[in-house]
Amino acid sequence: PYIRTGDMSGDSLVRADLLCTTRRIADSYKRSEIRAGEIVCAIRATVGKVLLVPPDLDGANLTQGTARIAPNSKTDASFLLWAIRDQRAQRAVAESIKGTTFSEITLGDLRRLPIAAPAGIDEQILIGRRLDQWDKVIGAENNHHSKLSQQKHGLMYDLLDGRVRVTEQT
């Protein structure tokens with residue numbers, strides 16, 4: 001599989017949604033290979049969008065519109081993901097964008113993004129885990145809200161269409 005900026009529209013990378021190439025072609029692009037736990041960043045189109053590489057995409061390739069961010073041993077990947085998603089980092093991304101009709105950030109500008117982080121990896125891990133947990137809670141709440149909205153829409157349709165009669169209660 002290979003990852004394009006268009007594959008980064010959701011909240012995660014899904015292998016089933018990706019296009020694939022041959023092993024021979026993929027092997028000729030070893031420099032663009034990514035590993036599970038690394039971060040993919042869109043450097044064209046949806047500039048600054050970052051997603052974590054899941055285990056089932058270990059060894060996938062990146063296209064020219066994406067960049068690989070590989071945290072070092074002193075940096076927690078989950079923390080770094082959230083730090084890049086932070087307003088301050090995203091504002092710096094927006095200020096570094098080149099082009100008006102075709103938005104893009106250079107790899108050099110991406111490398112110079114200001115990222116605030118605690119020096120100790122233990123604190124980074126704790127922050128990253130907490131943010132991951134809250135993200136799951138928010139996702140579940142959004143899913144529940146969506147189901148309730150669909151139910152409300154269905155009930156209103158039934159009432160307004162006359163399928164369900166409204167009776168006066170005393």
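The exercises below, each with a worked solution, concern a predicted model.

**Exercise 1. Burial of Ser32**

State where Ser32 sits, whether Ser32 is buried or exposed, and which residues beyond its sequence neighbours Ser32 touches.

Solution.
1. Ser32 is found in the loop that runs between α1 (23-27) and β2 (39-42).
2. Its relative accessible area is 17%. Buried means under 20%, so Ser32 is buried.
3. With neighbours within four places in sequence set aside, Ser32 has contacts to Ala60, Asn61 and Leu62.

**Exercise 2. Two salt bridges and the accessibility of their partners**

For the pairs Asp7 with Arg4 and Asp27 with Lys30, give the N to O distance and classify each residue by accessibility.

Solution.
1. The structure contains 11 salt bridges; the two pairs here are among them.
2. Asp7 and Arg4 are joined through their side chains, with 3.1 Å from N to O. The cut-off is 4 Å, so a distance of 3.1 Å qualifies.
3. Asp7 has 12% relative accessibility and is therefore buried, whereas Arg4, at 32%, is partly exposed.
4. In the pair of Asp27 and Lys30, the closest N and O atoms are 3.7 Å apart.
5. Asp27 is partly exposed at 35%, and Lys30 is partly exposed at 47%.

**Exercise 3. A link across the sequence, and a network**

Determine which parts of the chain the pair of Glu104 and Arg44 links, then list which residues are joined into one network by salt bridges that share partners.

Solution.
1. Side chains of opposite charge can pair when their charged atoms come close.
2. Glu104 and Arg44 form a salt bridge, and their closest N and O atoms are 2.8 Å apart.
3. Glu104 belongs to the loop between α3 (87-96) and α4 (107-111), and Arg44 to the loop between β2 and β3 (50-52). The two residues are 60 residues apart, and the pair links distant parts of the chain.
4. Glu104 counts as partly exposed at 26%; Arg44 counts as partly exposed at 24%.
5. The network formed through shared partners consists of Arg23, Asp27, Lys30, Glu33, Arg35 and Asp58.

**Exercise 4. A nonpolar surface patch**

Identify the residues of the nonpolar patch on the surface, and place and classify Leu160.

Solution.
1. The patch is made of Met156, Leu159, Leu160, Val164 and Val166.
2. Together these residues have about 520 Å² of accessible area.
3. Leu160 is part of helix α5, which covers residues 121-161.
4. The relative accessible area of Leu160 is 74%. Exposed means over 50%, so Leu160 is exposed.

Definitions and conventions. Residues numbered from 1 in each chain as written. Predicted model: local features only at pLDDT ≥ 70, side-chain atom pairs only at ≥ 80, totals over all residues. Heavy atoms only, no water. Patch = residues over 30% accessible without salt bridge, like charges linked within 9 Å, V, L, I, M, F, W, Y side chains within 5 Å. Areas by Shrake-Rupley, 256 points an atom, 1.4 Å probe, with all protein chains shown as cover. Helix = DSSP H or I, 4+ residues; strand = E, 2+ residues; numbered from the N terminus. Buried < 20%, exposed > 50% of the residue type's maximum accessible area, 1.4 Å probe, protein only. Contact = heavy atoms within 4.5 Å.
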